[in-house]
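Trainee: Could you take me through one part of this structure slowly? I would like a close look at the salt bridges, and then at what lies inside.

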Amino acid sequence: MISEKMEAAINKQIKDEMYSSNLYLSMVAYFENLGLKGFANWMRVQVQEENAHAMGLFDYLISRDGRVVLETIDKPPFEWSSPLECFEAVYRHEQLVTSLINELVDVAEEVKDRAAISFLQWYIKEQVEEEANCSEICAKLKLIGSDANALLLIDQELGARTYVAPVIA
Ligand code: FEO
């Protein structure tokens with residue numbers, strides 16, 4: 001059994017992960033409209049990752065005999081002024097998610113839920129990777145500035161990203 005406080009905090013994080021999925025899906029559409037298929041592919045993989053993050057929490061809550069309550073998901077933005085601005089938004093969003101995961105761990109510690117503390121370690125490590133990935137892409141986009149050929153090279157590189165389902169445990 002899980003405490004009501006922990007249950008509510010996990011339900012909120014399920015919503016936040018689903019918002020992340022919708023935000024990146026909105027970015028898929030943005031890049032598709034620009035004709036940058038590789039960027040769009042990178043975001044499509046990101047959508048799958050966010051869905052997996054949400055489902056990991058969903059299944060965990062059920063395994064603890066908790067009640068999943070799906071909350072309303074805010075409408076994400078749909079317009080950015082450039083690929084760099086879009087990736088800077090991704091980076092800021094992932095920093096926010098890191099702080100939300102940390103708050104979730106704070107709740108687990110407060111209610112002395114050791115199983116949840118252990119389970120959430122995966123999410124803490126995942127956030128390090130999430131932030132590193134978008135920080136690296138932001139740095140490249142800053143370097144190339146308005147060089148269209150270089151942008152197409154990055155598009156090719158991002159087009160090679162494939163989804164590998166994570167094992168969340
Ligand atoms: Fe679910 Fe991108 O963190």
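**Salt bridges and the core**

Mentor: Happy to! Keep in mind that this is a predicted model. Let's begin with Asp16, whose side chain meets that of Lys15 in a salt bridge, with 3.8 Å from N to O. Asp16 also has a salt bridge with Lys12, and there the closest N and O atoms are 2.7 Å apart. Put the two pairs together and you have a network of salt bridges linking Lys12, Lys15 and Asp16.

Now find Lys12 and Asp16 along the chain. Both belong to helix α1, which covers residues 4-34, and they sit 4 residues apart, about one turn of the helix.

Are the members of this network buried or exposed? Asp16 is buried, because its relative accessible area is 12%, and the cut-off for buried is under 20%. Lys12 has 35% relative accessibility, so this residue counts as partly exposed. Lys15 counts as partly exposed too, at 21%.

Next, move along to Glu32, which forms a salt bridge with Arg44; the closest N and O atoms of this pair are 3.0 Å apart. Glu32 lies in helix α1 while Arg44 lies in helix α2 (residues 37-63), so this salt bridge ties together parts that are 12 residues apart in sequence. Both partners count as partly exposed: Glu32 has a relative accessibility of 23%, and Arg44 has 43%. If you would like to hunt for others, a search of the whole structure finds 10 salt bridges.

Let's turn from charged side chains to nonpolar ones. The largest nonpolar core has 26 residues, and the members that touch the most others are Met27, Phe31, Phe39, Met43 and Phe87. Which helices supply this core? At least two residues come from each of α1, α2, α3 (83-110), α4 (114-144) and α5 (148-158). Helix α1 gives the largest share, with 7 residues.

Met27 is a good residue to click on here. Setting aside neighbours within four places in sequence, you will find Met27 in contact with Met43, Trp80, Cys86, Ala89 and Val90. There is also a second, separate core of 20 residues, and among its members are Val68, Val107, Ala116 and Leu120.

To retrace the route on your screen, start at the network of Lys12, Lys15 and Asp16, go on to the Glu32 and Arg44 pair that joins α1 to α2, and finish at Met27 in the largest nonpolar core.

How values were computed. Residues numbered from 1 in each chain as written. Predicted model: local features only at pLDDT ≥ 70, side-chain atom pairs only at ≥ 80, totals over all residues. Heavy atoms only, no water. Salt bridge = Lys/Arg side-chain N within 4 Å of Asp/Glu carboxyl O. Buried < 20%, exposed > 50% of the residue type's maximum accessible area, 1.4 Å probe, protein only. Core = buried A, V, L, I, M, F, W, Y, C linked by side-chain atoms within 4.5 Å. Contact = heavy atoms within 4.5 Å.
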